[in-house]
Each structure stands twice: as structure tokens, then as C-alpha cells.
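Colleague: I'm new to reading protein models, and a whole chain is a lot to take in at once. Could you pick one part, the sheet at the start of the chain, and walk me through it slowly, along with whatever packs or loops around it?

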Amino acid sequence: MSILQSLNQQHAIENHVQLREIADGVIIAEVSNQHALANIALQGAHIATFQPRGEEPVLWLSPNAKFAPGKSIRGGVPICWPWFGPHQTDSSLPGHGFARTVPWELLATKAYPDGSTSLRFGLIENDTTRTQWPHASTAQLEVTVGKSLRVELVTTNTGDAPFELGEALHTYFQISDVGNMTIKGLDGCEYLDKVQDFARFTQHDGIVIESEVDRVYVNTEADCVIEDKGLKRAIRIKKQGSKSTVVWNPWQEKAEKMGDFGPALHRDMVCVESGNALENVITLQPGETHTLMAEYSVEKL
Ligand code: BG6
């Protein structure tokens with residue numbers, strides 16, 4: 001029996017989940033239920049698409065995204081783990097950690113009476129991950145696809161020494177045009193501006209993007225709302241276990257330089273990432289578990 005057949009035998013649920021191989025070695029859990037459609041790659045436990053029925057897609061996926069073993073998918077919800085951004089001491093290690101480019105195991109699927117579907121994934125360690133991250137730990141991702149998309153990243157310290165964890169759900173949202181959009185919820189928060197050498201500023205009012213933006217808002221547990229006048233909708237981002245919110249749009253020049261982005265596509269997306277980064281990294285004691293949760297839902301404007 002092929003891997004795909006055995007995955008389907010164990011985890012497919014009629015009218016909820018089916019596993020498909022969309023390219024050589026690239027398996028996707030396709031979720032289709034009464035509320036929404038979603039595709040989740042087993043590599044990276046990467047949610048590539050989410051679209052509530054009757055709505056435009058909530059997540060942005062680059063038309064040039066690469067679906068290939070070892071490559072991160074440009075769009076959807078990349079998992080940054082167990083560090084965010086460059087590694088603190090070793091710049092040769094991959095930015096945003098390795099979780100988004102390694103295979104995860106599909107551990108369980110479940111259909112709920114309200115018509116939603118959940119899937120649980122576990123990160124698979126290998127020699128490379130153990131070298132890069134010599135801390136005994138587990139990472140699991142629970143994804144619930146309903147009217148909203150709920151994502152929980154659960155980290156446990158299974159060793160006997162504490163470690164520092166940086167993480168983020170690096171979510172790309174689809175918008176009608178960056179000029180139609182305001183991000184609300186961060187008024188009064190402090191942020192470190194990566195475009196200005198990590199200088200510290202305070203946000204006033206909503207965030208309007210007119211050039212490259214790469215900011216880590218710190219010490220904020222607030223919901224964010226992306227108001228989109230073009231699509232006449234707002235995307236609400238609720239979060240728990242997260243003290244940082246990262247807002248990113250590479251703008252034209254940087255987007256053009258990325259092989260999996262493309263000219264002008266920066267206008268269709270914005271990243272609002274829920275996580276724990278920089279001064280908000282988490283110290284996890286032996287035996288402790290930390291859960292980072294974000295939930296994305298659509299409201300009419
Ligand atoms: C953001 C960072 O979270 O991710 C940016 O703040 C970075 O600095 C961006 O450019 C994209 O990262 P990557 O590794 O997916 O190209």
C-alpha cells in the first residue's frame with residue numbers, strides 16, 4: 001500500500017478530509033466541509049489555503065509558490081519555530097527555524113457535530129533538526145476548519161533543562177489592494193522597526209501601508225482587524241499565548257527579488273503574524289507546555 005493510500009485509510013473522513021499527492025513527494029490534506037475549504041501540506045503542517053464558503057479566500061497564496069520537498073511555501077500559514085527571524089547566535093541556520101520545511105506527521109483527524117473538521121500534526125525530528133535544536137521537545141499543530149480557521153501550535157519541553165522558544169504563525173492574508181486596507185488593534189503599542197535597524201516606535205491609530213513594512217509589535221495580546229474597503233470585509237485575528245504581532249509587506253523591490261513572489265503581487269497581501277519574538281520569547285521549563293493560538297474569521301464591513 002502506498003503512503004497516500006495508508007494515510008487515506010487512517011485519516012480520510014467522508015465530506016471532510018482527503019489526502020492527495022499534488023506533486024512528487026508533496027502530500028496535501030484537502031479539507032472540504034459545509035463551512036469552508038482548506039488545503040494543508042504535510043510538509044511544514046503548512047496551511048496553504050482557507051476559504052469559507054461564499055467568501056473570497058482569507059489566506060493569500062503566491063501564484064509562484066513552490067510546492068517541493070525542503071522549500072517553504074510562499075503564502076498561507078508558515079510555521080516559524082523554534083526561533084523567529086535569524087537564529088540568535090548562528091546566522092548559518094535557516095531564518096524562522098526549520099519547522100516550515102520539514103515533514104510533519106498527520107496524527108489525527110476529527111469531524112465535529114457542528115460540521116467543522118480538525119487535524120492534528122506532529123513535527124518529525126531528524127538528524128538535522130536535532131543538530132540545529134538540541135533541546136528535547138515536541139511540537140504539534142491543531143488546525144480546525146470551520147466558519148473560522150483556528151490554529152494552535154503546542155510546544156512541550158520534554159527534557160530536563162529550560163529552553164527559549166521563538167515562534168510565529170506567519171499568516172499571509174489576501175486583500176483587495178494594499179491601498180484599501182487598514183490594520184486596527186495596535187494603537188498605542190510599541191514596535192521594533194526592522195526597516196530602521198530595529199528602532200523602537202509607538203503606533204498611533206491604524207496601520208496603513210505605503211512602503212516596505214517589517215515591524216515586530218511587542219507586549220500585545222490584542223485582537224487585530226484587517227479592514228478591507230475593497231472587499232467590504234474585515235478579517236479578525238484573535239490570539240492567545242502570543243505577545244508579539246508582526247506586520248510585514250515587502251513592497252515592490254523586495255518582492256521582485258524573491259523568486260516565489262513576483263512584481264506587483266505585494267499589493268494583494270499583508271502578513272499579520274501572531275507569535276512570540278525578540279523580547280517576548282518564551283522560556284519553557286522542563287515538563288512545561290506552551291500553546292500559541294490564533295483564530296481567523298471574516299466580518300462584513
Ligand atoms: C517576516 C520578517 O516575518 O518574514 C521579515 O519580519 C521577512 O523580515 C519575512 O522578510 C519573510 O521571511 P521569509 O524567510 O519567509 O522570506
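Modeller: Here is a walk through that sheet, then the helix beside it, and then the loops around it.

Some ground rules before we start. This is a predicted model, in which local features need pLDDT of at least 70 and side-chain atom pairs count only at pLDDT 80 or more, while totals for chains, interfaces and linings use all residues. Residues are numbered from 1 along each chain as its sequence is written, and side-chain values use heavy atoms, with hydrogens and water left out.

Let's begin with the sheet itself. The names of helices and strands come from DSSP runs, numbered from the N terminus: a helix is H or I over at least four residues, and a strand is E over at least two. Our sheet is an open one with four strands, in the order β1-β2-β3-β4, and the pairing is antiparallel. Two strands count as paired if DSSP finds at least two bridges between them. As background, strands of a sheet pair through backbone hydrogen bonds, and they can do that either parallel or antiparallel.

Where does the sheet stop on each side? Its edges are β1, covering 17–23, and β4, covering 46–52, and each of these pairs on one side only. If you look along the sheet you'll see some twist, which averages 20° from one strand to the next. Angles here run from 0 to 180 degrees between N-to-C directions, and the axes are lines fitted to C-alpha atoms, for helices over the stretch in contact.

Now zoom in on one pair of strands. Strand β3, residues 36–41, runs antiparallel to β4, and six bridges join the two. One pair to look for is N39, whose bridge partner in β4 is T49. When you follow a strand like this by eye, remember a handy rule: in a regular strand the side chains alternate between the two faces of the sheet.

Next, the helix. Helix α1, made of residues 3–11, packs on the sheet and touches β1 as well as β2 (26–32). Its direction makes about 165° with that of β1. Touching, or contact, means heavy atoms within 4.5 Å.

A good residue to click on in this helix is N8, which has its place in α1. N8 counts as buried because its relative accessible area is 18%. The cut-offs, worked out with a 1.4 Å probe and protein chains only, are under 20% relative accessible area for buried, over 50% for exposed, and partly exposed in between. If you leave out residues up to four places away in sequence, N8 touches Q18 and L19. Both of those belong to β1, the edge strand at 17–23, so at N8 you can see the packing of helix on strand up close.

How does the chain get from the helix to the sheet? N15 sits in the loop between α1 and β1. Although N15 is not a glycine, it has a positive phi of about 60°. N15 counts as exposed because its relative accessibility is 62%.

Finally, look at what comes after the sheet. F67 lies in the loop between β4 and β5, and P69 is found in that loop too. F67 counts as partly exposed, since its relative accessibility is 25%. Apart from neighbours within four places in sequence, F67 is in contact with I22, A23, V26, I28, A48, L61 and I73. Among these, I22 and A23 fall in β1 and A48 falls in β4, while V26 and I28 fall in β2. Between the C-alpha atoms of F67 and P78, eleven residues apart along the chain, there are 13 Å.

P69, on the other hand, is exposed because its relative accessible area is 54%. Setting aside its neighbours within four places in sequence, P69 is in contact with D24, G25, V26 and Q43. Notice V26 again: that residue appears in the contacts of F67 as well as in those of P69. P69 also gives you a view of how the chain folds back: its C-alpha atom and that of T101 are 32 residues apart along the chain but separated by 7.4 Å.
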